[in-house]
Amino acid sequence: MSFGLLALLDDVAALARVAAASLDDVVAQAGKAGTKALGIVIDDAAVTPRYVVGFAAARELPIVWRIAVGSLKNKLLFLLPGALLLSYLVPWVITPLLMLGGLYLCYEGAEKILHAFVPASDHAPAAAVATGPQDAQAQEDQRVRGAIQTDFILSAEVMALTLASLTTESTVTQAAILAVVGIGVTLLVYGAVALIVKADDAGVALAANDRPASTLLGLRDAGPGAASGPDRALRPVTRGFGRALVVGMPYFLSGFAILGTAAMLWVGGGILLHGLEHFGVTAPAHLVHDAAKWMAIAVPSVAAAAEWLTTATLSGLIGLVAGGLTIPAAQFVLAPLVRWVRALFGSGKTEPASAGH
């Protein structure tokens, strides 16, 4: 009886070791896959704050929360099962889809750079007239839907990158890693977005607070003239930091947007390079690899940083070229095709009215 109990305990311990090893593998692969999707994460965090512009401060965090919940639904309810089905049924389609998504990132990055030099301001009034007046709730709902739709594309890239980088063939492990990455990326992106959109409000509060030490300690009952010594000592620091937050946030957001655009280009270019290598076109990837190695040898004191920066720069240049070549096709082929399809399916009652224009 005792030998049987010892054998059972030994089996339980073995299963626990296997489970722990599997959990470590899930965490390790999730972390590795998450770093590959870092560029998309940066861009997502840089883009999302614009969806709360124009709303009352009290609605900023609820809007971010609604977008975050929609992002989680995108990843866990739609993209995760879809990615596993594709991996199981047609695994060969993962790389082409990944390259298509990479090309989309390149297009978005190149278009942002183009609009920085050639602003499309002439289209803004028409869009404003077309939307017409809306109540606040309808406008918020529309903004949230738009953010979730944009997030779907970026989330699809994150999940595809994650799936392409996995080394395990276990469907359960793949699902666990995809879920960990999806949840982790969502928390990282929208946690950062929440901090960004409320940073200026925090700065105003800090700059206006005459009793920072008392507020920090929860001593709110004292009268307005009861500022303590710690209050007077801490007040210049909190006021200066609050003013710096208010003044610096627009510059931070501008720099963050630039970083997001660069991230789109280097991630998209890198995806295209790896995809071409997968299909036997190895020369571009080898050229980038050799240039990065040469730079690491040339600057041995910061070899790793030089190698990464060279790889990211060349991948970004390739992404910029690919995105730039895609812009005419998108504007003169895809956009008219989309308008034609919309007119075809929505022309029933509106076509006679528009015939006179």
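Trainee: Buried or exposed: which word fits I327 in this predicted model?
Mentor: The terms rest on relative accessible area, taken with a 1.4 Å probe on protein chains only, where buried means under 20%, exposed means over 50% and partly exposed lies in between. The relative accessible area of I327 is 9%, so I327 is buried.

Trainee: What kind of model is this, and which atoms do the side-chain values use?
Mentor: This is a predicted model, in which local features need pLDDT of at least 70 and side-chain atom pairs count only at pLDDT 80 or more, while totals for chains, interfaces and linings use all residues. Residues are numbered from 1 along each chain as its sequence is written, and the side-chain values leave out hydrogens and water and use heavy atoms.

Trainee: How many helices and strands does the protein chain have?
Mentor: Helices (H or I, at least four residues) and strands (E, at least two) are DSSP runs, numbered from the N terminus. Read from that end, the elements run α-α-α-α-α-α-α-α-α-α-α-α. The totals are therefore 12 helices and 0 strands.

Trainee: In which helix does I327 lie, and which residues does I327 touch?
Mentor: The place of I327 is in helix α11, and its C-alpha atom is 9.6 Å from that of C106, although the two are 221 residues apart along the chain. A contact means heavy atoms within 4.5 Å. With residues up to four places away in sequence not counted, I327 touches Y107, A110, E111 and L114.

Trainee: What percentage of the contacts with a separation of 6 or more joins residues 24 or more positions apart?
Mentor: One C-alpha pair with a long separation in sequence is A175, found in helix α7, and P81, which are 94 residues apart in sequence but 8.1 Å apart in space. A175 also touches L80 and L84, leaving out residues up to four places away in sequence. For the whole protein chain, the share is 80%.

Trainee: Where is the kink in α3, and what is its angle?
Mentor: Helix α3 (residues 57–89) has 33 residues and should span 48 Å at 1.5 Å a residue, the expected span being 1.5 Å times one less than the number of residues; its end C-alpha atoms are 47 Å apart, which agrees. A bend at a residue is the angle between axes fitted to the seven residues ending there and the seven starting there. Shortly before the proline P81, the kink lies at L79 and comes to about 40°.

Trainee: On which residue is the kink in α7 centred?
Mentor: The 38 residues of α7 should span 56 Å at 1.5 Å a residue, and this agrees with the 55 Å between its end C-alpha atoms. The helix nevertheless holds a kink of about 45°, and its centre is A199.

Trainee: Which helix gives the largest share of the largest nonpolar core?
Mentor: A nonpolar core is a set of buried Ala, Val, Leu, Ile, Met, Phe, Trp, Tyr and Cys residues joined through side-chain atoms within 4.5 Å. The largest one has 47 residues, and I40, V64, I67, L105, L178 and V189 touch the most other members. At least two residues each come from α2 (38–47), α3, α4 (94–117), α6 (136–165), α7 (171–208) and α9 (229–278). The largest share, 12 residues, is supplied by α7.

Trainee: Which residues are in contact with I67 beyond its neighbours within four places in sequence?
Mentor: I67 is one of the core residues that touch the most other members. Its contacts, with those neighbours left aside, are T48, Y51, V144, A147, I148 and Y190.

Trainee: How many aromatic pairs are there, and how is the pair of F252 and F256 classed?
Mentor: Rings of Phe, Tyr and Trp (its six-membered ring) pair if their centres lie within 6.5 Å, and planes under 30 degrees apart count as stacked, over 60 as edge-to-face and the rest as tilted. By this rule the count is 2 aromatic pairs. In F252 and F256 the ring centres are 5.5 Å apart and the planes stand at 15°, so this pair is stacked.

Trainee: Why are F252 and F256 about one helical turn apart, and what is the relative accessible area of F256?
Mentor: The two residues are about one helical turn apart because they sit 4 residues from each other in helix α9. F252 counts as partly exposed, at 39% relative accessibility. F256 is buried, and its relative accessible area is 15%.
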